[in-house]
Amino acid sequence: MQSSSPSETYASTMSEHVGRFYDHFAAVTDSFDATIHFGYWDEPGQAADGPGSLGEAMHRLTDEVIRRLRPAEGAAVLDVGCGLGGPAVRIATKAPVNVTGISVSAEQVRLANELAESQNLADRLSFHHADVLRLPFEDASFDAAFALESLIHVPDRAGALAEIRRVLRPGGRLVATDHFERAAFSAEQQALLDRYAGMLLLAPLVGIEEYLTVLRGSGLRFEEASDITERTLRDSFLLIAESERSRRAAPDFAGPASPEGYDPADLADLGQLGYLLFSAVRPD
Ligand SMILES: C[S@@+](CC[C@H](N)C(=O)[O-])C[C@H]1O[C@@H](n2cnc3c(N)ncnc32)[C@H](O)[C@@H]1O
């Protein structure tokens, strides 16, 4: 029997933890059209519009990804870390493409397939329980891929990007969002980040230069990277905190949508925590 290396064991343990985390929160994170990511605003400082604006802002981020992905008619698109299926439904509603989603949460996969059925999209959307580090697909089987806020949980980004490259056809594009380290953290800021990274199972952060080196090393040709921190994180953290407070105050409160002790507002002013939107192409 072949034994696993310590880094393989760490990666698969992390994937299992992340899967259980999202299984646990699957039923209660469904409040924004089955979408679980940060919102996007053209102008920062829109949080004053109230929590009602968060759902729209989340869709705007999905649209920023779709705009860069530019899938051709009939394209086979891989959704890496599909969550509850909201972004895949949005892309399949806007473009005549077929989307295959994967998540390490079996419960998310079940709900995402239910969503596809209920939207009469099951002929073009399917969701599977799988890890980005071991994609159960043939080489060169997708025309395009997107990873909306899923790499944030994957410490082996190089391994994940190499797997995505493997399943993309030559010329196929990946569009993804991820956290990165925007500037060095003070000891106090690092302690705050570490506490939340532990609760939310975030992978360690790397700076932008290191990130792009890993990306190039995976064999993908880097196209574009935008630091969209100002347009996403602060307003989202404030609105998510507000929305969580109103959920808790509601008479039919069904349990928190995030770990106990997590107050997203604490992270709103942590400017060192960055949010990156990038695209890359498999050259050959
Ligand atoms: C923040 S949610 C984003 C969900 C979805 N992309 C969205 O935008 O609504 C993170 C997703 O990444 C998935 N994920 C995390 N690590 C993964 C891994 N190693 N392989 C596949 N999916 C993973 C989680 O299961 C979850 O579905």
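Helices (H or I, at least four residues) and strands (E, at least two) are taken here as DSSP runs, numbered from the N terminus, and two strands pair if DSSP finds at least two bridges between them. The model is predicted, with local features requiring pLDDT of at least 70 and side-chain atom pairs counted only at pLDDT 80 or more, whereas totals for chains, interfaces and linings use all residues. Residues are numbered from 1 along each chain as its sequence is written, and side-chain values use heavy atoms, with hydrogens and water left out.

A good place to begin is the sheet. Seven strands form an open sheet with mixed pairing, in the order β3-β2-β1-β4-β5-β7-β6. Its edges are occupied by β3 (125-129) and β6 (221-227); each has a single partner strand, so one side of each lacks a neighbour in the sheet. From one strand to the next, the twist averages 15 degrees (axes are lines fitted to C-alpha atoms, for helices over the stretch in contact, and angles run from 0 to 180 degrees between N-to-C directions). Strands of a sheet pair through backbone hydrogen bonds, either parallel or antiparallel. Strand β2 (residues 98-103) and β3 run parallel and are joined by five bridges, with T100 standing opposite S126 in β3. Lying across β2 and β3 is helix α4 (residues 106-118), which runs at about 170 degrees to β3.

Strand β1 (residues 76-80) contains A76. Leaving aside neighbours within four places in sequence, A76 is in contact (heavy atoms within 4.5 Å) with N98, S141, F142, D143 and A144. A76 and L168 are 92 residues apart in sequence, yet their C-alpha atoms are 9.6 Å apart in space.

The loop between β2 and α4 holds S105. With 0% relative accessibility, S105 counts as buried (under 20% relative accessible area, with exposed meaning over 50% and partly exposed in between, for a 1.4 Å probe and protein chains only). The side chains of S105 and D23 make a polar contact at 2.6 Å; such a contact is a pair of N or O atoms within 3.5 Å, where within protein one must be able to donate a hydrogen and the other to accept it, and residues adjacent in sequence count only if both atoms are side-chain atoms. Residues up to four places away in sequence aside, S105 touches G19, Y22, D23 and H129. In helix α1, S15 is likewise buried, at 14% relative accessibility, and touches V104 and D131, again not counting residues up to four places away in sequence.

Attention now turns to the ligand. Of the 23 residues around the ligand (those with a heavy atom within 4 Å), I36, H37, G81, Q108 and L148 come nearest. A backbone N or O atom of I36 lies 2.8 Å from a ligand oxygen atom, and one of G81 lies 2.7 Å from a ligand nitrogen atom. For G83, a backbone N or O atom is 3.1 Å from an oxygen atom of the ligand. Taken alone the ligand exposes 590 Å², and the protein buries 99% of that (Shrake-Rupley method with a 1.4 Å probe; for residues, only the protein chains shown count as cover). Helix α1 (6-25) and β2 each supply at least two residues of this shell, and the largest share, three residues, comes from α1.

Finally, the backbone deserves a look in the loop between α1 and α2 (52-69), where D33 is placed. Most residues other than glycine have a negative phi. D33, although not a glycine, has a positive phi of about 50 degrees, and A34, also not a glycine, has a positive phi of about 55 degrees. D33 is exposed at 53% relative accessibility, whereas A34 is buried at 4%.
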